[in-house]
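Reader: I should like a close look at a single part of this model, the surroundings of the ligand. Please set out which residues and elements form them, and then place them in the context of the chain.

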Amino acid sequence: MTRTVLVTGGAGYVGSHCCKTFARAGWNVVTLDNLSRGWRDAVRWGPLVEGDVRDPIAVRGTLEKYEPDLVAHFAAFAYVGESVENPAIYYENNTAGTLALLNGMRAAGCRHILFSSTCASYGVPQHIPIDERHPQAPINPYGWSKMIIERMLEDFGRAYGIGSVSLRYFNAAGADPEGEIGERHEPESHAIPLAIEAARRADQPFTILGTDFPTPDGSAIRDYIHVNDLARAHLLAGEMLLERGGTHVFNLGTGVGTSVHELIEAVERVARCKPVVRRGPRRAGDPAKLVASFAKAERELGWQPQHSGIDFIIKTALEWRDRHPPV
Ligand SMILES: O=c1ccn([C@@H]2O[C@H](COP(=O)(O)OP(=O)(O)O[C@H]3O[C@H](CO)[C@H](O)[C@H](O)[C@H]3O)[C@@H](O)[C@H]2O)c(=O)[nH]1
């Protein structure tokens, strides 16, 4: 029997890539998105229900109409800086939004959820690579807004039998290699799209935010993971959850760190053009180094990153950018 997944935030960056991956694997895909930060034209693999996860009528109506086996929950705000300036909308949209969604699932008898969590829940790392047992101590409201949800999922599992998998992403990056979807944020604050823009346009220099980190070249190190590797992990996690139930947590990263300087070199190599680069101060709350251990996902989901070489990530992001240059 064909399975159905309800994807909240399916019009967004990671959500839309997951829709494609589930659809390719033979699932029915339904998107619930309020289009506040998503894109109508990114919803290509099933119907779009335009609605908000905080709206009990929209959630209940969608769950009852489509009877999904699984909810994949991406609908969230994800700008760390914005969360510091305006925490209310993060707790409202991310935390309260998930609570409303979970209550809708309870009422409709839907028992399985994949949750898009974050490495920001670890805060400043005590050791590298970061495994799932690393203490969680967020240093910004974005990280807290997501960590509270993980806690909620544990409690809802115990009390109401809602099975969940929280997937703690490191740095989602790259685009669909077939060019149908990609990263589109407004405003764009992420390093890879900005470095690519700098390679394409001399009037858009890239600023290295921090050159005095305790790292070999002084710039911050991140673990960039291709969005399609993330999407495949959701598919495997969903299949595991339907089979086994329970409450689970996995890191999704590559175990490989790339500094901002190395990122710029990679953009130069792939784009064959040197971006104009400036040096700037650190961004508040940016740790020096975040690198994942994905051993648990490998062991329990049989997952490994397959598309996350930095040059391939940049190649797919560049192709997407060139198909959709900013107007
Ligand atoms: O113009 C820029 C933008 C970024 N950076 C640097 O590049 C690295 C990556 O920055 P991104 O903004 O691309 O990613 P972050 O690691 O800050 O953010 C990621 O992790 C966050 C949690 O920590 C959120 O989950 C967020 O959505 C996700 O993209 C950081 O060291 C940042 O300081 C620059 O040097 N210049």
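Author: The account below begins with the basis of the model and then turns to the ligand, followed by selected helices.

The model is predicted; local features are described only at pLDDT of at least 70 and side-chain atom pairs only at pLDDT 80 or more, whereas totals for chains, interfaces and linings use all residues. Residues are numbered from 1 along each chain as its sequence is written. The pLDDT is the predictor's confidence in each residue, from 0 to 100. Its mean over the chain is 97, and 100% of the residues reach 70 or more. For the complex, the predictor gives an ipTM of 0.97 and a pTM of 0.97.

The ligand is surrounded by 19 residues, of which the closest are Ala-120, His-190, Ala-191, Leu-209 and Ala-220. A residue is near the ligand if its C-beta atom, placed from the backbone, lies within 6 Å of it. By class, this shell has 10 nonpolar, six polar and three charged residues. Here Ala, Val, Leu, Ile, Met, Phe, Trp, Tyr, Cys and Pro count as nonpolar, Asp, Glu, Lys and Arg as charged, and the others, Gly among them, as polar.

Helices (H or I, at least four residues) and strands (E, at least two) are DSSP runs, numbered from the N terminus. Helix α6 (191–200) and strand β8 (206–209) each supply at least two residues of the shell, and β8 gives the most, with three residues. Domain 1 (4–173 + 224–252) and domain 2 (191–222 + 255–323) both contribute to the shell, so the ligand lies between them. These domain bounds come from an automatic or database domain assignment.

Two helices add context. Helix α8 (residues 260–271) has 12 residues and reaches 16 Å from its first C-alpha to its last, close to the 16 Å expected at 1.5 Å a residue; the expected span is 1.5 Å times one less than the number of residues. In α8, Val-260, Leu-263, Ile-264, Ala-266, Val-267 and Val-270 are buried, that is, each has 20 or more other C-beta atoms within 10 Å of its own, with C-beta atoms placed from the backbone. Seen down the axis of α8, these buried residues fall within an arc of 160 degrees, so they line one face of the helix; the arc is that of the directions from the helix axis to the C-beta atoms. Helix α1 (residues 13–24) is mostly covered, as 10 of its 12 residues are buried, including His-17, Cys-18 and Lys-20.
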